[in-house]
Amino acid sequence: MNDIENERNLKNAIELGHDQALNDQKGNDVFLLGDIHGDFTAIYKWLNTFCKKGDSLIQLGDFGAGMISVEKIEKLAFAAKQMGVKIYVLRGNHDNPEYFNLSVKVNDSLEFVPDYTVKKINGLNYLFLGGAISIDRKKRKEGFDYWKAEGFVYHPNQLLKYYKNIDVVVSHTAPEEVRPFYGMGPHPDLVNYQKEDVSLEKDLKEEKDLITKAFDIVKPNLWASGHFNQ
Ligand SMILES: [Fe+2]
């Protein structure tokens, strides 16, 4: 946990003043992209089609860390650096948590951002909340395409520490306000997965409750999430 960096980022935001921080005069854009599962086609398309020097991309989890080669990630990081853009990767359930726990920075242009990190990007403070439970976790192989520590971890003290200064939350799973557990329908195959994973629905509901508590504490101007891509 890089509390020192968080403190520094927030101090900078306070020194700038909230209104000033909300208005980026440089014309740099921040793009959000979710759930690429190791297929970098969309990122390269973004790099080659939409981005300009100074832009940033936040990958909303399920990047494929631990499931794809390091060389493939290094090649992407090199391409981003060449273009002068920055890629921030949020932890998804289909990512090895070690990449994030160790705050892996491939280079200045691609980094794996640990949960509860606050990053100041284009004058706004982004809070990173990774993790989600895999609905098909029983069918996956641990260490290959499944990690036990995949879920969202609720740290109310961290949230209470920073909540006044957060403009945007980026998460992998979504709070009830963003995607209701039943309102938009649970996963269509939940009934089938539940047959082999009897605590699945209970665990998913608990996780939904916790990320919703996080929402209730922070209540940012914008909340963006990935994960629900069926
Ligand atoms: Fe996911």
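**A four-stranded sheet and one loop residue**

Hi everyone, let me start with one pair of residues: Ile121 has Leu124, in strand β7, as its bridge partner. Before I go on, please keep in mind that this is a predicted model.

That pair belongs to β6 and β7, where β7 covers residues 124-129, and the two strands run antiparallel with five bridges between them. Now let's widen the view. Which order do the strands of this sheet follow? Reading across, we get β6-β7-β8-β9, an open sheet of four strands with mixed pairing. At the edges sit β6, residues 117-121, and β9, residues 222-225, each of them pairing on one side only. For those of you who like angles, neighbouring strands here are turned by 25° against each other on average, ignoring direction.

A quick reminder: strands in a sheet pair through hydrogen bonds of the backbone, and the pairing can be parallel or antiparallel. We have seen the antiparallel case, so on to the parallel ones. β7 and β8 run parallel and are joined by four bridges, with Leu129 opposite Ser171 of β8. To get from β7 to β8, the chain passes through helix α6, residues 156-162, and this β-α-β crossover is right-handed. On the other side, β8 and β9 are also parallel, again with four bridges, and here Ser171 stands opposite Ser225 in β9.

Let's stay with β8 for a moment. Side chains in a regular strand alternate between the two faces of the sheet. Are the faces of β8, residues 168-171, covered or not? Both are covered: Val168 and Val170 are buried on one side, and Val169 and Ser171 are buried on the other.

Past β8, I'd like to show you Glu176, which lies in the loop between β8 and α7, residues 190-196. Why does Glu176 count as partly exposed? Because it has 16 C-beta neighbours inside 10 Å, and a residue needs 20 or more to be buried, while 12 or fewer would make it exposed. Leaving aside residues up to four places away in sequence, Glu176 touches Phe181, Lys208 and Thr212. Glu176 also sits 7.6 Å from Asp209, C-alpha to C-alpha, although 33 residues separate the two in sequence.

To finish, the whole protein. There are eight helices and nine strands, and 39% of the 230 residues are buried. If we take the contacts between residues at least 6 apart in sequence, 80% of them join residues at least 24 apart. Thanks for listening!

Notes. Residues numbered from 1 in each chain as written. Predicted model: local features only at pLDDT ≥ 70, side-chain atom pairs only at ≥ 80, totals over all residues. Pairing = 2+ DSSP bridges. Axes fitted to C-alpha atoms, helices over the stretch in contact; angles between N-to-C directions. Right-handed = clockwise from strand over helix to strand, strands pointing away. Contact = placed C-beta atoms within 7 Å.
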